[in-house]
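Reader: I'm new to this structure and would love a close look at one part of it. Could you pick up the loop that catches my eye and walk me outward from there?

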Amino acid sequence: TFRLAQGEIYISPLDLNIEQGKVELPFKPMVRFGTPVFDEQGQKRGIVLLNYLGRNLLDLIQDVSSVAHGQTMLLNSDGYWLKHPDEKQEWGFMFDEGYGRSFARQNPQVWRQMRASFSGQLQTGAGIYTFTTLKPLETTNNANSADVSYFWKIVTFITAEELAAYSQGLLRNLFLLGVGLLTLAAVVYWFLAQTVTRRKLYQEQLFS
């Protein structure tokens, strides 16, 4: 954050809060916002760091996922679940024993195809994955360039059994699935943009 120019904002990846070297219980997902502070002469005097409770974002995804068919998941750029229908699968990267709790390791071929495309649909023997990519650190044009490779994948999954039940209106349902996913992605981007805007206003109020 201290390396940034005036008006620039650093946004951290989404992970779990750590206290005294251990993951805080109950889990507290956090996003950190940082911006440098300048005096009236334009000299950099320090930084402001704000912790934002990421549970609000994850709950938002849960609330609006009803517009999409199937199971909704949120993956980080390493293929770990940030949001999963089974909470026990989430946050594997935060724990030594969580190495295997990863979409990338449980579905390596599907993950390779997802990483290679910004969005799309993949049909497998298990069902259909529909996905799109979000780059939360690019919500502002001045995010820390060291972190621009960080992304999320919003994924919905319809099992083969569910697809069979949709057989009469399959094309219509697949279309609705894609529309729902794009709606969900748009809501997440709006939420992040609003959060960044509020942080800018708070910083201006603190140091005006």
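Author: Trp91 lies in the loop between β8 and α2. Keep in mind as we go that this is a predicted model. Although Trp91 sits in a loop, the residue is buried, with a relative accessible area of 0%. Its backbone is worth a look too: Trp91 has a positive phi of about 65° and is not a glycine. For background, most residues other than glycine have a negative phi.

What does Trp91 touch on the inside? Trp91 belongs to the largest nonpolar core, which has 19 residues. Along with Leu14, Phe33, Leu74, Leu82 and Trp152, Trp91 is among the members that touch the most other members. Three elements, β5, α1 (55–64) and β11 (152–159), each supply at least two residues of this core. The biggest share comes from α1, which gives 3 residues. This fits a general pattern: in soluble globular proteins, nonpolar side chains tend to be buried together.

Leu74 is a good place to see how this core is joined up. Leaving aside residues up to four places away in sequence, Leu74 touches Leu58, Ile61, Tyr80, Trp81, Leu82, Lys83, Trp152, Lys153 and Ile154. Elsewhere there is a second, separate core of 14 residues, and Met73, Ala104, Tyr129 and Phe157 are included in it.

Now back to the two elements on either side of our loop, β8 and α2. The model has 9 aromatic pairs, and one of them is formed by Trp81 and Phe103. Their rings meet edge-to-face, 6.0 Å centre to centre with 90° between the planes. Trp81 lies in strand β8 (residues 81–83) and Phe103 in helix α2 (residues 103–106), so this pair ties together parts that are 22 residues apart in sequence. Both Trp81 and Phe103 are buried. Tyr150 and Trp152 make another edge-to-face pair, with 6.4 Å between centres and 75° between the planes. Tyr150 is buried at 11% relative accessible area, and Trp152, also buried, has 2%.

The Trp81 and Phe103 rings have further company: together with Trp111, Tyr129 and Phe157, they form one aromatic cluster. A different kind of ring partner can be found at Tyr99, where Arg105 lies over the face of the ring, 3.7 Å from its centre. In a similar arrangement, the charged end of Lys44 sits over the ring of Phe2, at 5.0 Å from the ring centre.

Trp91 is not the sole place where the backbone deserves a second glance, as Gln20 also has a positive phi, near 55°, without being a glycine. Gln20 lies in the loop between β3 (18–19) and β4. Here the surroundings contrast with those of Trp91: Gln20 is exposed, with a relative accessible area of 82%, while Trp91 is buried. A little further along, the peptide bond from Leu25 to Pro26 is cis, with omega near -10°. Pro26 is found in the loop between β4 (22–23) and β5. As general background, most peptide bonds are trans.

Strand β5 brings us to the charged pairs. The structure holds 3 salt bridges. One joins the side chains of Arg32 and Asp15, at 2.4 Å from N to O. Arg32 lies in strand β5 (residues 29–38) and Asp15 in strand β2 (residues 15–16), so the pair ties together parts that are 17 residues apart in sequence. Another salt bridge links Lys28 and Glu24, with the closest N and O atoms 3.4 Å apart. Lys28 is partly exposed at 31% relative accessibility, and Glu24 is partly exposed at 21%. Arg45 and Asp39 also form a salt bridge, their closest N and O atoms being 3.9 Å apart. Arg45 counts as exposed, at 62% relative accessibility, whereas Asp39 is partly exposed at 25%.

One polar residue on the inside rounds out the tour. Thr130 lies in strand β10 (residues 127–134) and is buried, with a relative accessible area of 4%. Its side chain makes a polar contact with the side chain of Gln121, at 3.0 Å.

Finally, step back to the whole chain. There are 5 helices and 11 strands, and 45% of the 208 residues count as buried. Among contacts with a separation of 6 or more, residues 24 or more positions apart account for 56%.

Key:
Residues are numbered from 1 along each chain as its sequence is written. This is a predicted model: local features need pLDDT of at least 70, side-chain atom pairs count only at pLDDT 80 or more; totals for chains, interfaces and linings use all residues. Side-chain values use heavy atoms; hydrogens and water are left out. A salt bridge is a side-chain nitrogen of Lys or Arg within 4 Å of a carboxyl oxygen of Asp or Glu. Helices (H or I, at least four residues) and strands (E, at least two) are DSSP runs, numbered from the N terminus. Buried means under 20% relative accessible area, exposed over 50%, partly exposed in between (1.4 Å probe, protein chains only). Rings of Phe, Tyr and Trp (its six-membered ring) pair if their centres lie within 6.5 Å; planes under 30 degrees apart count as stacked, over 60 as edge-to-face and the rest as tilted. A charge sits over a ring if NZ of Lys or CZ of Arg is within 6 Å of the ring centre and within 35 degrees of the ring normal. A nonpolar core is a set of buried Ala, Val, Leu, Ile, Met, Phe, Trp, Tyr and Cys residues joined through side-chain atoms within 4.5 Å. Contact means heavy atoms within 4.5 Å. A polar contact is a pair of N or O atoms within 3.5 Å; within protein, one must be able to donate a hydrogen and the other to accept it, and residues adjacent in sequence count only if both atoms are side-chain atoms.
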